[in-house]
Amino acid sequence: MKGRKTIFCGDIGCYTLGNAMPLDMCDTCLCMGAGINIAQGVRQIEPDTSAFAFVGDSTFFASAITGIINAVYNQAEMTVIILDNSTTAMTGHQPHPGTGRTMMGDVVAKVNIEAVLRGIGLTFVETVDPLDLKKAIDTVKHAAAEPGVKAIIFKSPCIAIVKPDAPLAINQDKCIRCKLCIREIGCPGIVIQDGKVQIDDSLCTGCTLCTQVCPTGAIGGEAK
């Protein structure tokens, strides 16, 4: 992507949470699944642009599949990012075809997102744990360099439906106040108090993303 403009297309604003980095990651925001088709259009208008489209797992089933089929059929150049947290978090945690159960609680066969994508013609589909930061970054770079329509499924359960791990803590003797953890992650559990970077253990889920970006190894262990 070096030397090329990059456009990030969202849908209803779930990925456009603030006005400061890194939470202002999307350039477009319209409606459910709109990022898929907007990314196709942007690439047609500006061929030297790398276009990314973001969609959640429930929206993938509700309104994104047809757009992705259209992208493959019309030989689009784009990277689809599917954020799979195994629920419909934005509207009440309803099940969807990928969860393996119905609204009435019946257990049914899960519809596999990766299998659907490959079935409609995508040859590059990778499922990655978004909490493995290095693997996630490497996979995005790899996908962006591939031709055609590519997809990355970032799969990790919603924090509202799983028990969080123990909260982390910051060793103030090691912390150099670079605030890289704040700028890179944008986690609400990392705050500034009395001029020091602190972790709010009521918000920390122990995901360890902050430990992976800390240059001095100041974050880790459990909160005391």
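Which residues are buried in α2? They are D57, S58, T59, F60, F61, A64, G67, I68 and A71. The model is predicted. The protein has 224 residues, and 38% of them are buried. Its secondary structure comes to six helices and nine strands. Among contacts between residues at least 6 apart in sequence, 68% join residues at least 24 apart.

**Helix α2**

- The buried residues of α2 pack against two helices and three strands, namely α1, α3, β2, β3 and β5.
- The helix is not straight: a kink of about 70° is centred on A64.
- A64 is also one of the buried residues of α2.
- After α2 comes Q75, which has a positive phi, near 55°.

**How α1 meets α2**

- The axes of these two helices come within 8 Å of each other and cross at roughly 20°.
- Angles under 35 degrees count as roughly parallel, so α1 and α2 are roughly parallel to each other.
- The crossing in which α1 passes α2 is left-handed.
- On the α1 side, the meeting residues are I36, N37 and Q40.
- On the α2 side, they are A64, G67, I68, N70 and A71.
- A64, the centre of the kink, is thus among the residues that meet α1.
- Of the α2 residues at this meeting, A64, G67, I68 and A71 are listed as buried.

**The largest nonpolar core**

- This core holds 21 residues.
- Within the core, M78, V80 and L117 touch the most other members.
- Six elements give two or more residues each: α1 (34-45), β2 (49-56), α2 (57-73), β3 (78-84), α3 (113-119) and β5 (149-155).
- The helix α2 gives the most, with five residues.
- Leaving aside neighbours within four places in sequence, V80 is in contact with I36, A53, V55, I68, V149, K150, A151 and I152.
- Two of these partners, I36 and I68, also take part where α1 meets α2.

**A second core**

- A separate core contains 15 residues.
- Among them are V197, I199, V213 and A218.

**Around C210**

- C210 sits in helix α6, which spans residues 209-213.
- Its relative accessible area is 8%. Buried means under 20%, so C210 is buried.
- Leaving aside neighbours within four places in sequence, C210 is in contact with L168, C181, I185, I190, I199 and I219.
- One of these partners, I199, belongs to the second core.
- C187 is 23 residues from C210 in sequence. In space, the two are 8.5 Å apart, C-alpha to C-alpha.

**Positive phi in two loops**

- R177 is not a glycine, yet its phi is positive, at about 60°.
- This residue lies in the loop between β6 (169-170) and α5 (180-185).
- Is R177 buried or exposed? It falls in between: R177 is partly exposed, with a relative accessible area of 31%.
- D194 is also a residue other than glycine with a positive phi, near 55°.
- The loop that holds D194 runs between β7 (190-193) and β8 (196-199).
- The relative accessibility of D194 is 80%. Exposed means over 50%, so D194 counts as exposed.

Definitions and conventions
Residues numbered from 1 in each chain as written. Predicted model: local features only at pLDDT ≥ 70, side-chain atom pairs only at ≥ 80, totals over all residues. Heavy atoms only, no water. Core = buried A, V, L, I, M, F, W, Y, C linked by side-chain atoms within 4.5 Å. Buried < 20%, exposed > 50% of the residue type's maximum accessible area, 1.4 Å probe, protein only. Helix = DSSP H or I, 4+ residues; strand = E, 2+ residues; numbered from the N terminus. Contact = heavy atoms within 4.5 Å. Bend = angle between axes of the 7 residues up to and from the residue. Axes fitted to C-alpha atoms, helices over the stretch in contact; angles between N-to-C directions. Parallel < 35°, antiparallel > 145°, perpendicular 65-115°, else oblique. Left-handed = near helix turned anticlockwise from the far one by under 90°.
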